Amino acid sequence: MEELQSALEDGGLTVTNLPEKGRCLSTTRDFYPGEVIISHEPYVCVPNNSHSDSRCDGCFTSNNIKKCSGCQVVWYCGSTCQKLDWKLHRLECHALSRLDKDRRKYVTPSIRLIVKLYLRRKLQSEKSLTIIFNGLLGKDMSDIDEKQLVLYAQMSNLVNLILQWPEINLKEIAENFSKLACNAHTICDSELRPLGTGLYPVISIINHSCLPNAVLVFEGRFAVVRAVQHIPKGGEVLISYIETAGSTMTRQKALKQQYLFSCTCPRCIKVGQYDDIEESAILEGYGCKDDDCSGFLLRDSDDKGFTCQQCGLVRSKEEIKTIASEIKALSDESLNSTSCRNQQEVLSMYKMIEKLQRKLCHPFSISLMQTREKLIKNEGSDLKETLLENTNRSHSSLLGEKGRHNTDGAGRLDRSSGMLPSDHSSVSKYVMFFTIVFLRAQYGGIYPGFHPLLGLQYYTCGKLEWWEFYKLYLLFSIPCMLMLLGDTENAIKSLTKAVDILRITHGTSSLFMKELLMKLEEAHAEASYKLSSIDD
Ligand SMILES: C[S@@+](CC[C@H](N)C(=O)[O-])C[C@H]1O[C@@H](n2cnc3c(N)ncnc32)[C@H](O)[C@@H]1O
C-alpha cells in the first residue's frame with residue numbers, strides 16, 4: 001500500500017478521505033487541460049462477448065478470432081494475445097473446462113470478471129491492488145432489491161461451480177458482484193463504443209461529478225484519466241460516471257440506483273432554480289405547438305396543460321398524453337421486436353417514433369436525439385461506412401497531385417474511381433440528422449467544456465460535410481468551385497472543433513487522433529487547392 005501511495009505521490013496525486021464520499025483522489029500539484037493525471041492497466045478485464053459479437057480477450061478485436069480449444073469459452077486473435085494472457089487464463093481455462101457444455105453457455109462476461117478476479121488474487125502479484133479492491137465501496141446487501149439478490153445468488157452459484165474453492169462462500173461472491181457494479185468500468189474504443197468491462201482499482205477511487213474536471217478514456221485496455229479543466233494543487237479529481245446529458249432528476253436517479261449516493265456537484269445543487277427547470281424542460285419536456293417557436297413548456301398551475309414560455313401557446317394535457325402513449329406503444333413494440341423482425345420493419349417503426357416525437361418533444365429533447373441516433377445506426381450503418389471509407393479514398397486520390405485528379409473532360413469526378421456509394425440521395429438526410437445532434441450537444445452546457453461526445457459529434461459532422469462537398473462537386477463541377485469551397489470550409493470548421501476538444505480528452509498520439517489530424521490537414525490542402533483553381 002505504501003508503495004502505491006508513494007507511486008501516486010510521485011505522479012502528483014494522493015488518496016484522501018472525505019466523510020461524505022469516502023476515499024477520493026486528490027492532486028499534490030496543478031494539472032492542466034489535456035494532461036494525463038493517471039493511467040493504469042486493468043487488474044482484470046473481459047470483453048463484452050455475446051453470441052453475435054465475440055472479441056479477443058487480449059486486444060478486444062473481433063477480427064480473425066478463434067475459440068480457445070481448451071475451455072471453448074474464451075476467444076483470441078492469435079498466439080501473441082494468447083501467450084500474454086496465459087498466466088491467468090491457464091487457471092481459468094482449467095476451471096472452465098470442468099463445467100459441462102450446457103453450463104458453459106451461462107458464463108457471461110460478469111461471471112468471468114469475478115472468476116478472473118479471484119484467480120488474479122490467488123496469483124497475488126500485486127497485493128496493494130488487492131487491498132484497494134477489498135476497500136472499495138459497494139452496495140450494502142440490505143439495499144439491494146430482491147430480484148437483483150436472486151440474480152446475484154444464481155451468478156454466485158455458477159462462480160462457485162467454476163472455481164470449486166471450499167474457502168469462499170456464496171455471500172462473499174455476491175458482495176463482490178455488488179462491488180463490481182459500483183466500481184468496474186466499461187472499456188470503450190476511441191469513439192466511445194463499448195468493448196468490454198474492466199476493474200481498475202486505483203482509478204475506482206475517483207469520485208463522480210456531473211461537471212467533471214477530468215475524463216476517463218481508454219487506449220486499448222489502458223485506462224487514461226486526463227484533466228479537462230485546470231485542477232489546482234489540492235483539488236479533487238472528478239470524472240462523470242453517467243451520461244451528463246440528462247435533467248438533474250434523471251442524473252440523480254441513475255446515480256442513486258447504481259452508485260447509491262446523492263450528488264451535490266455544482267450542477268445538481270441548482271435543482272429547482274430557474275436555469276435547472278429550463279434545462280430539464282428542454283432535455284426531457286415538450287415542444288411548442290408552433291413549429292417555428294423553439295420555446296420550452298412548463299406545466300400550468302391548474303395542471304390542465306403546458307404553456308410555452310416564449311410565445312404563450314398552450315398544449316392540452318390530453319393531447320400530450322395521447323401522443324406520449326402512442327410513442328410508448330411503438331417503443332415497446334420496437335424493443336420486443338428488434339431480434340425477430342427484419343431491419344426494414346424496425347426502421348419504419350423508428351421513423352414513426354421519430355415523427356411522433358417531433359410532434360411532442362422540444363427540438364433538443366434527448367429522446368428525439370436518441371431515436372435519430374438509432375435511425376442513423378440502423379439505416380445508415382452500411383451506408384455511413386461506405387461514405388466515410390469513400391471519403392478517405394477519394395480525398396487521397398484528389399490530393400495526390402494538384403490539378404490532375406480523376407475528372408472527365410467536363411471536370412466531373414470519375415465515377416469509376418469508386419467515389420460515390422450507390423445511394424447518395426440519403427446523404428443530406430444524415431448530414432441533417434448529425435447537424436441536429438451536434439446542435440443539441442452545443443446547447444447551453446449539456447456537455448460543458450471538453451467533452452469527448454461533443455468532440456466526436458463534431459468529427460462525424462465534419463466527415464459528412466466533407467462528403468456533401470463531393471456530392472455537390474459531382475453535380476456542379478469545376479465552375480462552381482466557390483460554392484464548393486463553402487462546404488470544405490464547414491468541414492474544416494467542424495474538424496477543427498473536433499481536434500480542439502479531442503486533443504484534450506484523447507491526447508494526440510493514438511491512431512484515431514492521427515487519422516483525425518490527417519483529415520484536417522487534407523481538408524485545409526483541399527481548400528487552398530480550390531482557391532488556387534478559382535484564381536486560375
Ligand atoms: C467508484 S467508487 C469511488 C471511490 C469511493 N469514494 C471509495 O471510497 O471507494 C464509487 C462510490 O463512491 C461514492 N461517491 C462517488 N462519487 C460521489 C459523490 N460525488 N458524492 C458522494 N459519494 C460519492 C459512492 O459511494 C459511490 O458508490
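Two strands count as paired here if DSSP finds at least two bridges between them. Strands β14 (residues 305-308) and β15 clear that bar, with 3 bridges joining them in an antiparallel run. Keep in mind that this is a predicted model. Below is a quick tour of two open three-stranded sheets, a further set of paired strands around β11, and the helix α4 with its neighbours.

**The β13-β14-β15 sheet**

- β14 and β15 belong to an open sheet of 3 strands, ordered β13-β14-β15 and paired antiparallel.
- The edges go to β13 (297-299) and β15 (314-316); each has a single partner strand, so one side of each has no neighbour in the sheet.
- Neighbouring strands in this sheet are turned by 30 degrees against each other on average, if you ignore direction.
- For a handy landmark, look at Phe306: its bridge partner in β15 is Arg315.

**The β4-β8-β7 sheet**

- Here again 3 strands make an open sheet, this time in the order β4-β8-β7, with antiparallel pairing.
- β4 and β7 sit at the edges with a single partner strand each, so one side of each is left without a neighbour in the sheet.
- From one strand to the next, the twist averages 30 degrees.
- β8 (residues 194-199) has 5 of its 6 residues buried, so the rest of the structure largely encloses this strand.
- On one side of the pairing, β4 (residues 44-47) and β8 run antiparallel over 4 bridges.
- Within that pair, Cys45 stands opposite Gly198 in β8, while Pro47 has Gly196 as its bridge partner there.
- β7 (residues 185-188) also pairs with β8 in the antiparallel sense, over 4 bridges.
- Gly196 turns up again in this pair, as the β8 bridge partner of Ile187.
- β7 and β8 make a hairpin with 5 residues between them, and Leu192 in the turn has a positive phi of about 65 degrees.

**Strand β11 and its partners**

- β11 (residues 222-227) has 5 of its 6 residues buried, so this strand is largely enclosed by the rest of the structure.
- One partner is β3 (residues 36-40), which runs antiparallel to β11 and is joined to it by 4 bridges.
- Another is β10 (residues 214-219), again antiparallel, with 6 bridges to β11.
- Ala223 in β11 is worth finding on screen: it is the bridge partner of His40 and also of Phe218.
- The β10 and β11 hairpin has 2 residues between its strands, and Gly220 takes a positive phi near 65 degrees.

**Helix α4 against the sheet**

- α4 lies across β4 and β8, and runs at about 155 degrees to β4.
- With angles over 145 degrees counting as roughly antiparallel, α4 is therefore roughly antiparallel to β4.

**Helix α4 against α7**

- The axes of α4 (residues 109-123) and α7 (residues 170-183) come within 11 Å and cross at roughly 110 degrees.
- That crossing makes the two helices roughly perpendicular.
- The crossing of α4 past α7 is right-handed.
- On the α4 side, the contact involves Leu113, Ile114 and Leu117, which meet Ile173, Asn176, Phe177 and Leu180 of α7.
- By type, the residues of this contact split into 6 nonpolar and 1 polar, with no charged ones.

**Helix α4 against α6**

- α4 and α6 (residues 146-163) have axes that come within 10 Å and cross at roughly 45 degrees.
- The two helices are therefore oblique to each other.
- This crossing, too, is right-handed as α4 passes α6.
- Ser110, Ile111, Ile114, Val115 and Tyr118 are the α4 residues here, and they meet Met155, Leu158, Val159, Ile162 and Leu163 in α6.
- The contact of α4 with α6 counts 9 nonpolar residues, 1 polar and no charged.
- Ile114 is a residue to click on, as it appears in the contact with α7 and in the contact with α6.

Methods: Residues numbered from 1 in each chain as written. Predicted model: local features only at pLDDT ≥ 70, side-chain atom pairs only at ≥ 80, totals over all residues. Buried ≥ 20, exposed ≤ 12 C-beta atoms within 10 Å, placed from the backbone. Axes fitted to C-alpha atoms, helices over the stretch in contact; angles between N-to-C directions. Parallel < 35°, antiparallel > 145°, perpendicular 65-115°, else oblique. Left-handed = near helix turned anticlockwise from the far one by under 90°. Contact = placed C-beta atoms within 7 Å. Nonpolar A, V, L, I, M, F, W, Y, C, P; charged D, E, K, R; others polar.
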